[in-house]
Amino acid sequence: MKKLKQVLKGTVLCMAVASMGISYSVLADAQLKISGTVKASPCNVDAVGGEVNVNLGNDIQAASLTAGNGSPWKQFTLHLVDCPTSTTSVTATFSGTPEPGSPTLYKNTGDATGVQIELQSTDTATPGKNLGNGQDAVAQVVTATRDATFPLQARAYSTNSNAAPGSIVGTIQVAFEYH
């Protein structure tokens, strides 16, 4: 009987301690903090499939691409349309394979050797700014038309005087950040 009393006392004691723990956690308050950001929809690139093709021409003479010289500039625009009303400016960040030893130039993946690709901004705020790998440009969104334009220019360029005939090919990715 004495053993039974000890077991009952232990059981009652455990139940009392457990019920205190349960009642404590039942009475505890909890607070959820939920946050997030609503972002505007992106602008649309005004080009079929979002791809802008720039033809540097078929008449570039290898002899004219001496060290530190390039072909004539080909001007073009990267035009964004249908920007949300909450977007006031757009930052474009350019990326691609840089020419080894010349980070402001892009590597030519065509078969013309000794030739690189140079890309620059021609906007009034930063005319002539090189837009090599990782560089960016900013365009303001025109309130009335909800569009933004990046005026650009590209050309074939040679860092050495060893340019040889062939094709010029390069791919430059553009990532947009909306403000």
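How much space lies in the largest pocket? I looked that up before anything else, and the answer is about 990 Å³.

**Ground rules**

I'm working from a predicted model, where local features need pLDDT of at least 70, side-chain atom pairs count only at pLDDT 80 or more, and totals for chains, interfaces and linings use all residues. Residues are numbered from 1 along each chain as its sequence is written, and side-chain values use heavy atoms, with hydrogens and water left out.

I checked the confidence next; pLDDT is the predictor's confidence in each residue, from 0 to 100. The protein chain has a mean pLDDT of 86, and 83% of its residues reach 70 or more. I'm wary of residues 10-20, where pLDDT stays under 50. For that stretch I found zero contacts beyond four places in sequence (contact means heavy atoms within 4.5 Å).

**Overall layout**

I counted one helix and 10 strands in the protein chain. Helices (H or I, at least four residues) and strands (E, at least two) are DSSP runs, numbered from the N terminus. The order from the N terminus is α-β-β-β-β-β-β-β-β-β-β. Among contacts with a separation of 6 or more, 80% are between residues 24 or more positions apart. Of the 179 residues, 26% count as buried. Buried means under 20% relative accessible area, exposed means over 50%, and partly exposed is in between (1.4 Å probe, protein chains only).

**Strand S9**

I spent a while on S9, residues 148-158, where nine of the 11 residues are buried. Which strands does S9 pair with? Two strands pair if DSSP finds at least two bridges between them. My notes on its partners:

- S2 (residues 69-70) runs antiparallel to S9, with two bridges; Asn69 has Ser158 as its bridge partner.
- S3 (residues 74-81) is also antiparallel to S9, with seven bridges; His79 is partnered with Thr149.
- S7 (residues 116-121) is antiparallel to S9 too, with six bridges; Ser121 is partnered with Leu152.

**Back to the pocket**

I needed the rules for a pocket. On a 1 Å grid over the protein atoms alone, a pocket is an open set of points where a 1.4 Å probe fits, with protein on both sides within 12 Å along at least five of seven lines. Lining residues have an atom within 4 Å of a point. Grid points are joined across faces, edges and corners, and the volume is the space filled by probe spheres set on the points.

The largest pocket has 37 lining residues, and Val52, Asn53, Val54, Gly170 and Thr171 lie nearest its centre. The elements giving two or more residues to this lining are S3, S7, S9 and S10 (173-178). S10 gives the most, with three residues. By class I get 24 nonpolar, 11 polar and two charged residues. Here Ala, Val, Leu, Ile, Met, Phe, Trp, Tyr, Cys and Pro count as nonpolar, Asp, Glu, Lys and Arg as charged, and the others, Gly among them, as polar.

**Two single residues**

Is Ser89 buried or exposed? Ser89 counts as buried because its relative accessibility is 10%. I found Ser89 in strand S4 (residues 89-95). Beyond four places in sequence, Ser89 touches several residues, including Val138, Gln140 and Tyr178.

Lys107 sits in strand S6 (residues 102-107). Lys107 has a relative accessible area of 37%, so I wrote it down as partly exposed. Leaving out residues up to four places away, Lys107 touches Thr97, Pro98, Glu99, Ile117 and Val169. I also checked Lys107 against Glu118: they are 11 residues apart in sequence and 9.2 Å apart in space, C-alpha to C-alpha.
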